[in-house]
Every structure is written in C-alpha cells, then in structure tokens.
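Please open the structure in a viewer and keep the sequence at hand. The tour below proceeds by selections, each followed by an account of what is found there.

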Amino acid sequence: AVFVTLDPERDTPALLEAYVGNFGADNVALRGTPGETQALARHFKVFYAKVPGKTEGSYSIDHTAGSYVFDKQGRV
C-alpha cells in the first residue's frame, strides 16, 4: 500500500516511516510540498482541511476516507 500524507508540514519522513511500519514492511508513505499535496488531492477528489484543536497550536486534519486500486499498467 502507498499512504500519502495530507499534512506534510507536520508529518516528517521519520514519522511517516514509523507510521507505515505498523502496516508491514511492503508499505510506503509519500510526502510532498503543501502545493504538491493540494494538487494531488484535487486530482483524486480528496477533501481535507486543518481543524483547530482544543489547545493553542494543536490541530487535526479532516479528510475524505477512500482507497484507490491500480493495476500493473497504472489504471484505476
């Protein structure tokens, strides 16, 4: 599986590596710039938004829940 973060500002490469490690060694995580993330989300019709938390500086990310399956030719 490939996981793509919607929060590249907070999700560091080390954090993502630890996260996907919980799902098995064959999984990977991708992280782009905020602009790349926005463009990819738009392409795959994924909604996401930063939601302020209860304490100053804390937040969560609301997002569409979904999965895509691709064949070996890269077709959905």
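Select Lys50 and then Ile61: Lys50 stands opposite Ile61, a residue of β4. The model on the screen is a predicted one. Extend the selection to the two strands concerned, β3 and β4, the latter covering residues 59-63. These strands pair in the antiparallel sense, and five bridges join them. Tyr48 belongs to the pairing as well, with His63 in β4 as its bridge partner. Follow the chain from one strand to the other: β3 and β4 form a hairpin, and six residues lie between them. Within that turn, select Gly57, which has a positive phi of about 85°.

**Lys50 and its partner**

Keep Lys50 selected and show its side chain. At a relative accessibility of 49%, Lys50 counts as partly exposed. Which side chain meets that of Lys50 in a salt bridge? The partner is Glu9, with 3.7 Å from N to O. This pair links distant parts of the chain, for the two residues are 41 residues apart. Lys50 belongs to strand β3 (residues 48-52), while Glu9 is placed in the loop between β1 (2-4) and α1 (13-21). Glu9 itself is exposed, its relative accessible area being 58%.

**Two further salt bridges**

How many salt bridges does a search of the whole structure find? The search gives three. As a general matter, side chains of opposite charge can pair when their charged atoms come close.

For the next of these, select Asp7 and Arg10. They form a salt bridge in which the closest N and O atoms are 2.9 Å apart. Is Asp7 buried or exposed? Asp7 is buried, because its relative accessible area is 6%, and the limit for that class is under 20%. Arg10, by contrast in class, counts as partly exposed at 39% relative accessibility.

Then move to Arg75 and Asp71. Their closest N and O atoms are 2.7 Å apart, and the two residues form a salt bridge. Arg75 counts as exposed at 52% relative accessibility, and Asp71 is partly exposed with a relative accessible area of 30%.

**A residue with positive phi**

Next, select Lys45, which lies in the loop between α2 (34-43) and β3. Lys45 is not a glycine, yet its phi is positive, at about 55°. In general, most residues other than glycine have a negative phi. With a relative accessible area of 71%, Lys45 is exposed.

**Into the helices**

Select Thr37 in helix α2. Thr37 is buried, with a relative accessible area of 6%. Which residues does Thr37 touch, not counting those up to four places away in sequence? They are Thr5, Leu6, Pro8, Gly32 and Tyr48. Tyr48 is also the residue whose bridge partner in β4 is His63.

Now select Leu15, found in helix α1. Leu15 counts as partly exposed, at 45% relative accessibility. Draw a distance line from the C-alpha atom of Leu15 to that of Tyr48: the separation is 20 Å, and the two residues are 33 residues apart along the chain.

**The whole chain**

Finally, clear the selection and view the entire chain. The protein chain has two helices and four strands. Read from the N terminus on, the order of its elements is β-α-β-α-β-β. Taken along the principal axes, the C-alpha atoms fill a box of roughly 45 × 25 × 20 Å. Of the 76 residues, 16% count as buried; Asp7 and Thr37 are examples met on this tour.

Display the surface next. The accessible surface of the protein chain comes to about 6,100 Å², and carbon and sulfur atoms account for 57% of that area. Colouring by charge brings out 8 positive and 9 negative side chains, and the centres of these two sets lie 7 Å apart.

To close, consider the contacts across the chain. Among contacts between residues at least 6 apart in sequence, 43% join residues at least 24 apart.

Methods
Residues are numbered from 1 along each chain as its sequence is written. This is a predicted model: local features need pLDDT of at least 70, side-chain atom pairs count only at pLDDT 80 or more; totals for chains, interfaces and linings use all residues. Side-chain values use heavy atoms; hydrogens and water are left out. A salt bridge is a side-chain nitrogen of Lys or Arg within 4 Å of a carboxyl oxygen of Asp or Glu. Buried means under 20% relative accessible area, exposed over 50%, partly exposed in between (1.4 Å probe, protein chains only). Contact means heavy atoms within 4.5 Å. Accessible areas come from the Shrake-Rupley method with a 1.4 Å probe; for residues, only the protein chains shown count as cover. Lys and Arg count as positive and Asp and Glu as negative; His and the chain ends are not counted. The place of a charge is taken as NZ of Lys, CZ of Arg, CG of Asp or CD of Glu. Two strands pair if DSSP finds at least two bridges between them.
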